Amino acid sequence: MRYVLALGLAAAALTLQLAESSARRVLARATEAPLEAPSPKTGSVAGVVRSLARLKTRGETSERDLVVHLAPQSGTQVPAAPSEALVVKQVKLQFDPHVLPVQAGTKVAFTNDDSVTHNVFSQEECCKVDRDMAANERAEVAFPKAGVVPIVCRLHPDMSLWVIVLDHPWFTRTEFAKVEGEGEKAYEARFRIDGVPPGTYTLTTWNKKLAAVTQTVTVTADAVMEVALTLDK
Ligand SMILES: [Cu+2]
């Protein structure tokens with residue numbers, strides 16, 4: 001009887017040991033496994049935009065720039081604006097780029113890459129600025145509120161910049177190009193916005209010359225929503 005009991009205890013101890021070592025193995029495997037953060041599934045919106053109006057597509061201050069953005073209609077959580085400043089150069093007596101979409105809260109770092117003095121000037125309530133820029137100088141300007149902010153250089157009247165400030169990060173800047181072989185007035189721009197959380201959005205366009213159009217789009221995970229738009233003056 002004592003022998004059987006001893007055998008039973010030994011078996012129990014062995015079982016416990018086995019269970020423990022297998023638990024350790026599981027733990028070891030879990031620790032060794034690469035850390036894969038579950039990335040939320042997103043979708044894309046892509047499309048082609050045509051202009052019925054004639055556009056100037058050459059030169060630094062042409063009308064070719066087109067901003068397309070997606071304002072969430074409900075519930076979509078908007079991530080914080082990037083902490084890193086976006087750079088706008090003052091170079092060859094122009095602002096480069098000429099059109100800049102940013103998320104509200106983003107800072108823009110202006111750099112004067114010319115050998116002459118420039119200036120950064122805006123009268124908009126959100127972001128009043130009047131700052132002279134010596135050669136090689138850098139100055140940061142914050143854009144805290146959504147809106148269209150025209151900026152000029154008071155020393156060179158031809159220098160201009162449009163900052164398109166948006167409440168969200170789902171935007172892109174693209175360019176119109178003349179479409180060959182389709183008559184003189186055919187202009188087309190293609191765009192694609194990736195990383196959009198599933199949901200319903202209001203797609204809106206911005207161009208210096210063309211009237212804005214809006215369209216409701218529904219984004220689903222792992223899919224590309226195709227859009228075709230036509231703009232006019
Ligand atoms: Cu200037």
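Trainee: Why is Asn136 called exposed?

Mentor: A residue is exposed if 12 or fewer other C-beta atoms lie within 10 Å of its own, buried if 20 or more do, and partly exposed in between, with C-beta atoms placed from the backbone. Asn136 has 10 other C-beta atoms within 10 Å, so it is exposed. Before going on, two notes on the source. Residues are numbered from 1 along each chain as its sequence is written. This is a predicted model, in which local features need pLDDT of at least 70 and side-chain atom pairs count only at pLDDT 80 or more, while totals for chains, interfaces and linings use all residues.

Trainee: Where is Asn136, and what is its phi?

Mentor: Asn136 sits in the loop between β8 (129-133) and β9 (138-143); strands here are DSSP runs of E with at least two residues, helices are runs of H or I with at least four, and both are numbered from the N terminus. Its phi is positive, about 70°, although Asn136 is not a glycine. Asp222 is another non-glycine with a positive phi, of about 55°. Asp222 lies in the loop between β16 and β17, and it counts as exposed because it has 9 other C-beta atoms within 10 Å.

Trainee: What is the peptide bond from Asp96 to Pro97?

Mentor: That bond is cis, with omega near 5°. Pro97 belongs to the loop between β4 (94-96) and β5 (99-103).

Trainee: What makes Pro197 partly exposed rather than buried or exposed?

Mentor: Pro197 has 18 C-beta neighbours inside 10 Å, so it counts as partly exposed. Its place is in the loop between β14 and β15 (199-206). Apart from residues up to four places away in sequence, Pro197 touches Pro40, Thr42 and Thr76; a contact means C-beta atoms, placed from the backbone, within 7 Å. Gly43 is 154 residues away from Pro197 in sequence, yet their C-alpha atoms are 6.3 Å apart.

Trainee: And why does Thr216 count as exposed?

Mentor: Thr216 has 9 C-beta neighbours inside 10 Å, and therefore it counts as exposed. Thr216 is part of strand β16 (residues 214-219). Beyond four places in sequence, Thr216 touches Thr200 and Thr202. From Thr216 to Ala71 the C-alpha distance is 9.5 Å, across 145 residues of chain.

Trainee: How many residues does the largest nonpolar core have, and what makes it a core?

Mentor: The largest core has 40 residues. A nonpolar core is a set of buried Ala, Val, Leu, Ile, Met, Phe, Trp, Tyr and Cys residues joined through C-beta atoms within 7 Å. Among the residues with the most contacts inside this core are Leu70, Phe143 and Ile193. Strand β11 (residues 156-166) gives the core its largest share, six residues. Leaving aside neighbours within four places in sequence, Leu70 is in contact with residues including Val45, Trp170, Ile193 and Leu203. In soluble globular proteins, nonpolar side chains tend to be buried together. Of the 233 residues of the protein, 25% count as buried.

Trainee: Which strands stand at the edges of the sheet β4-β3-β6-β9, and why?

Mentor: That sheet is open, has four strands and is mixed in its pairing. Strands pair if DSSP finds at least two bridges between them. β4 and β9 each have a single partner strand, so one side of each is left without a neighbour in the sheet and they stand at its edges. The twist averages 25° from one strand to the next, taken from lines fitted to C-alpha atoms (for helices, over the stretch in contact), with angles from 0 to 180 degrees between N-to-C directions.

Trainee: How do you know that strand β6 and β9 pair?

Mentor: Six bridges join β6 (residues 106-112) to β9, and the two run antiparallel. One example is Lys107, whose bridge partner in β9 is Ala142.

Trainee: What is the order of the other open sheet, the one with β17?

Mentor: Its four strands are ordered β13-β14-β1-β17, with mixed pairing. β13 (177-178) and β17 (224-231) are the edge strands, each pairing on one side only. β13 pairs with strand β14 (residues 187-196) in the antiparallel sense over two bridges. Ala177 has Glu188 as its bridge partner in β14.

Trainee: What is the mean pLDDT of the protein?

Mentor: The mean is 88, and 82% of residues reach 70 or more; pLDDT is the predictor's confidence in each residue, from 0 to 100. Residues 12-16 have pLDDT below 50, and beyond near neighbours in sequence this stretch has zero contacts in the model. For residues 23-28 the pLDDT is also below 50, again with zero contacts beyond near neighbours in sequence.

Methods. Two residues are in contact if their C-beta atoms, placed from the backbone, lie within 7 Å.
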